[in-house]
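Biologist: I'd like to go through a structure with you and ask how you back up the words you use for it. Can you show me the chain?

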Amino acid sequence: MKIGIAGAGTMSSSMAMIFMENGYDTLMLVRNDKSIARATKIITDAVNNKLSQGKLSAEDGDRILASMQFTTEMTDMADRDIIIESIIEDLPTKQAYWKELSQVVSEACILATNTSGLSINKICEGVKGKNRFLGMHWFNPPHLVPLIEIICGDETDEESAEAVRQLALSLGKKPVICQKDALGFIANRLQYAVLREAMEIVERGIATPEAVDDAMKYGLGFRYALLGPFEVTDLGGVDVFYKICKYLFEDLSDSKVPQDMITDCYENGRLGVKSGAGFYDYSDGRDKEVVKRRDELFVKMYETFYENN
């Protein structure tokens, strides 16, 4: 299977590297020479990092670097079996991009968008061959997080969804099918429900951000690393959870707008690690430290719990 990756950012470059590492003929569609240089650096740095950790042989590292292919012409994607787009998360931009790209690829080519939560049906409004269009949502960092969401639009056929599921499995990923197009799909609907309640807890003075994060890491997150919410409920007792639902649901946040604490961060440029501050302070090298620690812990967790499951 010939893979096409549209985009040259961190996500698209990491995705391309994963495909190349697994022996797939991978061609990256980028805007210009600057984009090629950016993607080349991201992939080269990732390969060197794996080499230094002993997670990649020198032979495989050389093979990956030698197999990098780039083009700035959409028509060069005509021989691809699947194209995965990971450009800016903006609906009009994605719509225009796919409208043009779907006209120049083969009719058999599967078209996949790596969106975090935009409507699949809306993205493909102008696409030629909506039956082969779907969402393929990877999670950052893609080389460490096992999950891939496959999101079906109203016209996506089962054959295309199953082909992408099998492709994800061949990469050692854990694919799940989102059978209906819904904003946020599965994971982000869960993630943002948790975030909304986390901010509610802090704004009501129930606990600090540090306490909320610790409650998640050492309690809920500890369980959810291996069990889903339905499994947790069955193990704890449906009767117990039902009775708690009866009194707790009415007190949980149902805010329809972003809360003050995240709005304040956004409006004042505290965008998290990328800007040196968010809910926490990441100045004086803390940004690099927190990313390094995250990746190290993700690797350990993956090797311990997921690699053979």
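Modeller: Sure, we'll start with the chain as a whole and then look at two residues; keep in mind that this is a predicted model.

Biologist: What is the chain built from?

Modeller: The chain has 12 helices and 8 strands. The radius of gyration is 21 Å, close to the 19 Å that the globule rule gives for 309 residues, so the chain is as compact as a globular protein of that length. As for the box that the C-alpha atoms fill, it is roughly 60 × 45 × 45 Å along the principal axes.

Biologist: How much of the chain is buried?

Modeller: Buried residues make up 37% of the 309 residues. The chain also exposes about 17,900 Å², and carbon and sulfur atoms supply 55% of that.

Biologist: And what do the contacts say about residues far apart in sequence?

Modeller: Take the contacts with a separation of 6 or more: residues 24 or more positions apart account for 64% of them.

Biologist: How far apart are the mean positions of the positive and negative charges?

Modeller: They are 1 Å apart, with 35 positive and 48 negative charges in the chain.

Biologist: Now for single residues. Why is Ser12 called buried?

Modeller: Buried means under 20% relative accessible area. Ser12 has 0%, so Ser12 is buried. Its place is in helix H1, residues 10-21.

Biologist: What makes the link between Ser12 and Gly7 a polar contact?

Modeller: The cut-off is 3.5 Å for a pair of N or O atoms, one able to donate a hydrogen and the other to accept it. The side chain of Ser12 reaches the backbone oxygen of Gly7 at 3.3 Å, so the distance is within the cut-off. A polar atom of the Ser12 side chain also lies 2.8 Å from the backbone nitrogen of Gly9.

Biologist: Which residues does Ser12 touch beyond its neighbours within four places in sequence?

Modeller: Ser12 is in contact with Ile5, Ala6, Gly7, Met28 and Ser86.

Biologist: How do you know whether Thr115 is buried or exposed?

Modeller: Same test: Thr115 has a relative accessible area of 0%, and buried means under 20%, so Thr115 is buried. Thr115 sits in the loop between strand E5 (110-113) and helix H5 (120-123).

Biologist: What does the side chain of Thr115 reach?

Modeller: The backbone nitrogen of Gly117, at 3.3 Å. The backbone nitrogen of Leu118 lies 3.0 Å from a polar atom of the Thr115 side chain. Leaving aside neighbours within four places in sequence, the contacts of Thr115 include Glu89, Lys94 and Phe185.

Note on methods. Residues are numbered from 1 along each chain as its sequence is written. This is a predicted model: local features need pLDDT of at least 70, side-chain atom pairs count only at pLDDT 80 or more; totals for chains, interfaces and linings use all residues. Side-chain values use heavy atoms; hydrogens and water are left out. Helices (H or I, at least four residues) and strands (E, at least two) are DSSP runs, numbered from the N terminus. The radius of gyration is taken over C-alpha atoms; the globule rule is 2.2 Å times the number of residues to the power 0.38. Buried means under 20% relative accessible area, exposed over 50%, partly exposed in between (1.4 Å probe, protein chains only). Contact means heavy atoms within 4.5 Å. Accessible areas come from the Shrake-Rupley method with a 1.4 Å probe; for residues, only the protein chains shown count as cover. Lys and Arg count as positive and Asp and Glu as negative; His and the chain ends are not counted. The place of a charge is taken as NZ of Lys, CZ of Arg, CG of Asp or CD of Glu.
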